[in-house]
Structure formats: structure tokens, C-alpha cells
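The following paragraphs lead through a protein structure step by step. Please keep the sequence and the three-dimensional view at hand while reading.

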Amino acid sequence: MVDTTLTQVGKNLTEAMRILGDGQSGLEERREASIFSRTSIPGPLQGAGQDVATILHLVHSLIHEEEEEEEEEGKEDPKPHRMQNVGEQGHMALLGHSLAAYISVLDRERLRKLTIRILSDTTQWLCRLFRYEDGSAYFHEDDREGLVKICRLVINICYEDYATEGYAVLSSKQPVIYQSASSRPGLGQHLCNQLALPLSSLCTVPCNTLFGSQHQMDIALLDKLIKEDMESGKLPLLLIANAGTPGAGHTDKLGRLRDLCDQYKMWLHVEGVNLATLVLDEATSAVVAATRSDSMTLTPGPWLGLPAVTAVTLYRDEDPALSLAAGLTSSQHVEKLRALPLWLSLQYLGHSGIIQKIRHATMLSQQLLQHLKSVSSIKTSGVVPPIPPISGASLRDVLGSLMLSIVEDELNSPVVLFKFSQETSAASSSGSVEAYCAGEKEVLEAFNRWLGKQLAQLVPASGVDVVELEDEGACVRFSPLLTAADLGTQPEDVDNLVKKLLELVPMMTATMSFRQDFIEETHQRSPYLRYIEELSWPGLGAVRYEPQVEGIDDGRRTKQIKKINAELLKKLQELDTDIVFSTGPEFAKEEDCIFISMVADDVDVSELVKTIVTLGHDVEENGRLLENMTEVVRKGIREAELELLKANDEKLMEEGMLRQLPLVGSVLNWFSPVETSIKGRTFNLTAGSLDSTEVTYSTKAQSGRPPLKDSYTLAPERLQGQKLFRRSGAGSDSFSESSSVGQAEGPTSMQSSTSICVPEEDTACQCIPEEIPDSCQQKQHDQMEDSTLLAERKLEGQEGQPSP
């Protein structure tokens, strides 16, 4: 007979997952869900309750609130949200949490039997899967909590009176916990805080610097440190080893560490992502040695794609009382239900399904590693340095075979690290190698950070990220054991990742080789163009156009530089080119700069720098012309006002006072008309003066003047479809489509006219055309036309009223 409550729990979970996971709901549902925005949620609870569907829609709205805001703002490229691929096995894990809440309400005896069965089954399955015989299991939410409990267990074992005397017994012999320098950041400090131990109880062991990986613990130095601590009266308590370091994924020499721990009676604890490969028959000997450890922490959730599944710490201890005192076991049956989601998921996947998922992730790593071997300028991590000369062929052979096994183990690691690395011989032929090497490491770090971010955006299913390592610096990491199950990574995603990498590497190589040429070309055009040293910028470089103006203070000069470079950046962004111009990173050292992105291998650096200088000079001249024309217009307005006042006075003297009266003047003008000549005025922008319109009215023609000098041509004649700054005859396909930005066509030469007329009478006036040399001045002349139109209206208003 099927329990109806269990059936209803399953149905409710399925319905909840459907509502919460439906990101493509209709418009009406979106509007209804918008009611539950974060700003509209009341603080106190309302009197009447709400049904399940309404509450689930509220949760859905909160989950997708940012996406809906981006759609309302009309963003074309909203920020992608990386979501876990919750499959059927994920539904089983989520169902386990619901069932755990339901089972907790059973009567005590039934709850006891059920929890014992769930806990024993899960422990037995995990011990068989990961080759850990006669082990016990502790299930915990925080993956560090298991190690904390293990430390308490070891303290109880090593200090017999700890249960009665407490921390007072630790003063006789201070316990010491050893960890590798490649361990998780903050792990040792967390242990000391939880155990109330001083930080002096934590000893960090450096990694190898001569043989093997740079991320493996130095065993000889560890042995020396242990002896020194014992001589000083301290007690070596526990050693934390890595089967897959958090950054590089390398495995310590666990076999030798086991022997060392046996020698000094220390507890050996192992953790790391490589422990997942223990379920495979082809697991390396370095990882298999972890099965001899006293305890190990597993994280099956990310390995198998199981959401909200606890971590597991497997350990060996023959005294249940000490395990209970350390908190590894509990008398509360409800706490044992933590294993229920994992118990359901393991049964759903089965032994074959678990192995298939782990093998799939390791095959993805091997696939990428094989492809990277043929990619130039890409270096993979884990390369062992050559063996130095040693006297004695037998010793050298022994060390050689040992090093070969280390290399094979590291090449089989499911974590792949790679980075862009260009040799100094690839530097520009025109620049010196010494100049190219200056700051090269920082530049390469910036390039690799850019490479990792680009690959993560272009191939999000790959799950690559950027890690900072002490020796290698910034590297791109591919760890499918942590991401493949969640993202659903497939072999075609790895092929796509390599494809994008092959598109980005030539561009990075070209940019690195052209950096010195760009610096030299910039220095040749000093002081107008200044090169900005920004080693953290992943691109060709940064420049600033600085106008050579004397007689101004620093504040005004800074504003002028900011205005000119902002306008220059706009004009560069409008050019028909694949090169991206921007304001650079948010926290750049210098302000008001123009940053040039990655470039292709056929770019003409000299033409690029020349164009920047020319456009900057044009912007500077246009701004200066606008300021001069503004001053000329102001001066002309003042002169026109004086001319109008003078003309009105002359008119008054000529016609007399009687003709100015409204009624009398009309009668006098009817009996005795006054013959007056039209004395118009026109404002000459070139000369900045008021001229008479007598020539215009007498000849019925407009006075002309030669146009201004044409502006400089930005680039030589190009072939059809060829972008700017490309050398002739070079292919246009070498630039990556992913980093190219489509730009509008550049400015073209055009003519426009403007004029300012100052009439003396209420009559039509002729306009003098003003030639504009280039369309880049159109904006300034539009502003000038507005100001002159206001001047014309003002002058017309000051002119005498028309005669009635």
C-alpha cells in the first residue's frame, strides 16, 4: 500500500520545480509575478494566508527579478546567469530534503530503524565506491566541518585526560597541525578558531622547489619541521594532505606521507577533487595511496551534479565513545537524516551511473590536454624541470624513473591548467629584447586573465575560470569534476573551447609583439601623444592626447585634456575598424586615457598612431575654432548694437521729432514722404566685422570667399571591404569574430552654410554663405548657428518698429 502523503510530497515537489524552473512564462504571468517585486513585499505578515501557487510565484519572481529588470531596461546583451543543470538525479536529491522533513515526524522507533538503515547503506556504498575498507561516515553541510570533528577526535585520542581536564591538558604539550602551502586558503585558521587553538599550533609546510610539482608538499622539509617541534616539547597531531590541490589539482606524495605519519604517530587526513577518481579502475597510484589515510573528505555533490547534497568524511576509529565525544556520531536520529538525499541519489544513479559520470569528466580533461599539446604559445601546468647532473648512473636512473611516474600522474589529473606564454624571441623585430621584457610578466598575467574571461563568456558550458597561483601566476583552469555535471559539459564543448582558443591566441601573439612598436611610435609623436604605462591592461596599450597650450592654469588644462580625449575617443569608435577603443579598466592608474584593445597580426601600428594624433589635432583645432567664433560673435553683437543705436539717432535727426509720433508721423509721411535708403548690415564670420549690404543689393549677388583648408585624410586609399589600419595584401580573417566590434562608417566630407544678417529696416535680407571644411565641424557650427540666430532676433527687436 502506497503512502498517500509520500505521493503528495512527490507531486508537490514536481509542481514546485515546474513553476520555479519555468523561465519562459507568458506575458500575463510576468505581469502577475511583477506584483511580488522586492520593494512591494510588506514587512509584517498579513492577516489572511496565501495559497501554495501564489507563494511559489513569489519565489519565482525573486529568483528572476534581475532578469526581468534587464528586459524592461531593454538591454540587448544581459549578463548571463550561470545556472546548475538540475537533471532527474538532482530532483531525487531535492526530494530527499522533502522526505527528510516528512520522516522526522514518524514515531521514535520507526524513525530509529529507518535512519540506521539509511546511514548504514550510504556508508557502505561510499566505502566500496572509494575503496575505503572498514570506514565510518560523517555527513556534514560545511565541507570543513568534517575536518574539525576529526581534529577533536585526534585530540581525544592523543590526550587521555582531555575529556575531564579539557584544554588545560594541552598546555603540557602544544598540539601542532601541519598543512601544505597549497591547501585551501583559510583552512588552518578555521581549524584553530573552531578548536580554540593558538595560531602557533598551525604549521604550513612549503612545497617542492627542485623535484616534482611546484604544488606538492616538501616531505624532507616536513620531516625536519616535525623533529624540531618534538625537540621543543610540542606534539605533532595531524597532517592535512591534498589529493588534488584547490588551485592546480596536483596530488601530494601520499605514500611517503603515510610512512612519515606512521613514524611519528600522526593522523593523516586527505582531501581534494582527485579523490573522485578512486571509483575508476584506472586511478593513478598517487591517488590510490589516499585509501591508506586515517580519514578523507569527499564532496560528491559537484562530482555527480547533485544539488544541496552533504559532504562526507570517511574515517577509521575503533572507539565509538571517542567518536561520539568528537561529534562524529550523534544520538539524535533526525541529524542522521542528512544522508537521505545522498541515499536516494546514489540508488538512482547506481554503481555504473556514478562511474560513468566520473569517467566522463576525466575523459573531457584528457581530450582538452591532448588538444593543447598542439597549440603554440600555450603552456600547460605540471611540467617537471629536467633532472640536474648527478654523479652515478644508477642514482640518476632511479630518480629518472621516479620523475617519469610523477609526470604521468600529473598528466592524468582531471584538472587542466594552461596559460598563454610567448617567448622573448617573438618580440618585435624593431624593438630590443630588453625593452620587450620590461614588465612582461605583469603583461602576460593581464593577457591570461583576459583569455580566461573570454573563454568563459564564449563557451560557458566549459566551466573554465581563472586561478592565481604563486609560481605560475594567472592561469586558466578546466576542472570538469567540479563543473561538468552541473553544466552538462560534452566533448563538443571542449572542441568549441579549443576552437575559440585558436582564434584568440594569434591575436594575443600579435598584440604582444606590437606593444613595443606602439610605444616607439607614440614616443616619436611626443609631446602631443603620451604613452601611458598600464601593465594590467590586456591590449596594445594606452595613450593620452595632450594639447600644447601655454598661458592656462592646471585646472583649465585638465578640463581641456578631458574634453579633447573624450571627443577623440568618440571619433575613434566611429571608425570602420576591428580595433576596439575604450576608456579602459575601472580602476586605472591614469585618467582621461584611450585604451586600445587586442589587434590582429596585419595591423599597421604606424598608421594607427598617426590617425590618433591627426584626429586629436582636429578635435583640438575645432574646439579652438569654436571658442574663437563664439568670441567673434559676441564682439559682433556689441558692434551691431552700437551701429543700430547710431542709425536710429541719425534717422531721428533726419526725419525730425514730429515724424516719430504715431499719428502725426503717419499724416506727415502721407503728405510728404521721406526718401530713405536701406542701410543693411551683414556679419562676416571670417573677418569678424559688420559690413554694408550695399554691394549685395546693387549687384543682386552674394559675396563669396574661398573655402577653408581641407582636413587631413585619415587613411590611404583602401580596397573594397578592407578595414582601417590593415596593411595591404594581408588577410582580414585573422581577427577573431568574437572580439571584433561592428562600427559605423567613418565621417565623410560634407559642405554646409551659415550666415548672420543684421537688417536695419524690416525688409528681407540676403545671407552670406559660410563654407565648413569638414563634417567633423558640423556640431560646432550648429551651435554657432543657434547663437547667431539669437543675435539676429535680438537685433531685429532693437530695430525701429515698422511704420504704420
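What is the relative accessible area of Ala 308, and is this residue buried or partly exposed? The model in which it is found is a predicted one. Ala 308 has a relative accessible area of 49% and is therefore partly exposed, since that class ends at 50%. The residue belongs to the loop between helix H13 (300-304) and strand S7 (311-315). Its phi is positive, at about 55°, although Ala 308 is not a glycine.

Asp 134 likewise is not a glycine and has a positive phi of about 55°. This residue is found in the loop that runs between helix H6 (108-129) and strand S1 (136-140). With a relative accessibility of 73%, Asp 134 counts as exposed.

These loops belong to a protein with 26 helices and 18 strands. Of its 804 residues, 45% are buried. Among contacts with a separation of 6 or more, 73% are between residues 24 or more positions apart. The accessible surface amounts to about 42,500 Å², and carbon and sulfur atoms contribute 53% of it.

One part of the fold can be followed strand by strand. An open sheet is formed by 4 strands in the order S12-S13-S15-S14, with antiparallel pairing. Strand S12 (529-532) and strand S14 (581-582) stand at the edges; each has a single partner strand, so one side of each lacks a neighbour in the sheet. In general, strands of a sheet pair through backbone hydrogen bonds. Between S12 and strand S13 (residues 541-545), which run antiparallel, there are 4 bridges. Within this pairing, Tyr 531 has Val 543 in S13 as its bridge partner.

Two helices pack on this sheet. Helix H21 (residues 491-524) touches S12, S13 and strand S15 (594-596), and its direction makes about 145° with that of S12. Helix H22 (residues 554-573) touches S13, S14 and S15, its direction making about 125° with that of S13. The loop between H21 and S12 contains Pro 527. A cis peptide bond joins this proline to Ser 526, with omega at about 10°.

The sheet also leads to the charged side chains. The structure holds 17 salt bridges. Side chains of opposite charge can pair when their charged atoms come close. Arg 544 and Glu 590 form one such salt bridge, their closest N and O atoms being 3.0 Å apart. Because Arg 544 lies in strand S13 and Glu 590 in the loop between S14 and S15, the pair ties together parts that are 46 residues apart in sequence. Arg 544 is buried, with a relative accessible area of 7%, whereas Glu 590 counts as partly exposed at 31% relative accessibility. Both residues belong to a network of salt bridges that links Arg 530, Arg 544, Glu 546 and Glu 590.

Elsewhere, Arg 292 forms a salt bridge with Asp 259, with 3.3 Å between the closest N and O atoms. This pair links distant parts of the chain, 33 residues apart: Arg 292 is in the loop between helix H12 (285-288) and strand S6 (295-298), and Asp 259 is in helix H11 (residues 254-264). Arg 292 is partly exposed, with a relative accessible area of 42%, and Asp 259 counts as partly exposed at 44% relative accessibility. A further salt bridge joins the side chains of Arg 110 and Asp 107 (3.8 Å, N to O). Here Arg 110 counts as exposed at 53% relative accessibility, while Asp 107, at 38%, counts as partly exposed.

Key:
Residues are numbered from 1 along each chain as its sequence is written. This is a predicted model: local features need pLDDT of at least 70, side-chain atom pairs count only at pLDDT 80 or more; totals for chains, interfaces and linings use all residues. Side-chain values use heavy atoms; hydrogens and water are left out. Two strands pair if DSSP finds at least two bridges between them. Contact means heavy atoms within 4.5 Å. Axes are lines fitted to C-alpha atoms, for helices over the stretch in contact, and angles run from 0 to 180 degrees between N-to-C directions. Buried means under 20% relative accessible area, exposed over 50%, partly exposed in between (1.4 Å probe, protein chains only). Accessible areas come from the Shrake-Rupley method with a 1.4 Å probe; for residues, only the protein chains shown count as cover. A salt bridge is a side-chain nitrogen of Lys or Arg within 4 Å of a carboxyl oxygen of Asp or Glu.
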